[in-house]
Amino acid sequence: MRTSEKIIEGLLWLSAVITILVTVGIIWVLLSESISFFRVVPLSDFLTEKEWTPLFADKKFGIMPLVTGTLLTTGVAIAVALPIGLTIAVYLNEYAHARMKQIVKPMLEVLATIPTVVYGFFALTVVTPFLQKIIPSLAGFNALSAGIVMGIMIIPMISSLSEDAISSVPRSLREAAYGMGSTRLQTAFGVMVPAASSGIVVSVILAISRAVGETMIVAIAAGQQPRLTLNPLVPIETITTYIVQVSMGDVPRGSLEYKTIFAAGITLFVFTFALNNLSFWIKKKYQEKYD
Amino acid sequence: MTNSDINRLKDKAFQVFGIFCTFIGLVVLAIFLIDIVAEGITRINWDFLTSLPSRRASRAGILTAWAGTLWILVLTTLIAFPLGVGAGIYLEEYGRKNRLANFLEINIANLAGVPSIIYGLLGLEIFGRQMRLGGSLLAGALTLSLLILPIIIVTTREAVKAVPRSIRDGSYALGASKWQTIWHQVLPASFGGILTGIILALSRAVGEAAPLIVIGALAYVPFTPSSPLDEFTVLPIQIFNWTSRPQEEFLTNAAAAIIVLLVITFLLNGIAVYLRNKQQKKIRW
């Protein structure tokens, strides 16, 4: 009896420890392949070179164009999702009836359940043609429509996390603001949002991290042309799209071109890892302010 | 107009803006669904569901794609279910408040934030190359299992945590061992919540294309897989492939395939929501 209990506990322990192995595996795979990449391409070239052309005859290995492409689509997405998401959070908390909140929240969650490849199709076939009517110079592949659609996708992420943060602000603060004769708007932006700011910042950081790692929308709609630009109207390439592009082609395994996807991967991983841990840190540091 | 009138006006204006923002996302979603259905619904027929892929758009079907998706779903469930639930139970019931438990917790939160394409690179190297599984169904399912593991662990922990202390105490008082208590009391009581989490995780896995493309799943597979070691494609990859082509007819095919994918996704989510509501109504401790 005791031994079987021990065996079961051991198995359960093993399945928990597998999660550590996954992390170790990710770091090991990314590091081992990119170290052999950086033996050929110096890290300084990787960071300072202004062109990324590993698949051409004249090879240049500057990651910057992919990084700016990623930041561009992410920037557009946050510019869409932050104002809308935060407004929804404030509206649901300070204005809407409890019943409406109950109905609207799950409906918004639907936006987050739709597969990203479907959003990509939408960006390419609906949003880009529509925007081209307003901005005739807009290219068929561009960061703008990919970013806008990605922004719509991450609205529920910002709205629901910010909403949780605002609703955990003690009632007394709101009532004090009303007692001073504030309107709902003044209460919301003068008291509630500042009081919930750490939670809102966490939601935005997590949304940025999500947008940086998003793949299919940008692979379909933003183009495959690494370009050092902040112009959202032209085709660009993100880190994730580059990895997909190489995976779709037939680059021989073990070649330098093949190793570039791990170098691109580790760059992406460093970004998202830093963002995620920053959000944990903020959450931990500020979370118990009112307890 | 006095100051307070202006403030009241601003307040009203924001209310209107709030309603606008709340519904803009849903309106865009509606436009989008209508557009997809209008474009794709005429293409959906028995032949489309049962035909192999083809270079000619009008003859191409999604048989291999949805068969691959089904295979991936089953295999991923078989791998991720025991691992995720086991880890969740360990962390909630056995894990003492020590440094390992703390580290595990931070680690799982971190894994949840790793982009799916990075899991693809992991799968490519570990399952594809080291374990020599190549671009097979098994390699794909293993990769997706690791991807959804954090979701399953977190929801399992929440479901297990919701079972009150008194249930466990009652079981111990009758002389049950720790595992007997978990197996006969805690797990049956939390099963609804665990199931909901797993179905939500699977609906996430069904829509993933990026990690599977990276491990080497193909866009063109002229046969339905018959074993876990066969090469495969899935609906999202088929959609990606058709969307990337310039011809208009392939976009229609993509729209039709999207309808099928969305039906699967919404079905899974619907089941999860139904189970959750049922669970919430049934249990009052």
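**A tour starting at Leu187(B)**

Select Leu187(B): this residue has 17 C-beta neighbours inside 10 Å, so it counts as partly exposed (buried takes 20 or more other C-beta atoms within 10 Å, exposed 12 or fewer, partly exposed is in between, and C-beta atoms are placed from the backbone). You're looking at a predicted model, where local features need pLDDT of at least 70, side-chain atom pairs count only at pLDDT 80 or more, and totals for chains, interfaces and linings use all residues. Residues are numbered from 1 along each chain as its sequence is written, while chains are lettered from A and ligands numbered from 1 in the order in which they are written.

Next, colour helix α8 of chain B, residues 178–206, where Leu187(B) sits (helices are DSSP runs of H or I, at least four residues, and strands are runs of E, at least two, numbered from the N terminus). Now add Ala159(B): Leu187(B) is 28 residues away from it in sequence, and their C-alpha atoms are 9.0 Å apart.

Then pick residues 250–275 of chain B: they're 100% helix and 0% strand, with end C-alpha atoms 37 Å apart. Try residues 103–124 of chain B too, which are 86% helix and 0% strand, with 27 Å between the end C-alpha atoms.

Finally, split chain B into domain 1 (3–43) and domain 2 (48–282); such bounds come from an automatic or database domain assignment. Their centres, taken over C-alpha atoms, are 32 Å apart. Where they meet, 6 residues of domain 1 of chain B are in contact with 7 residues of domain 2 of chain B (contact has C-beta atoms, placed from the backbone, within 7 Å).

Conventions: Contact = placed C-beta atoms within 7 Å.
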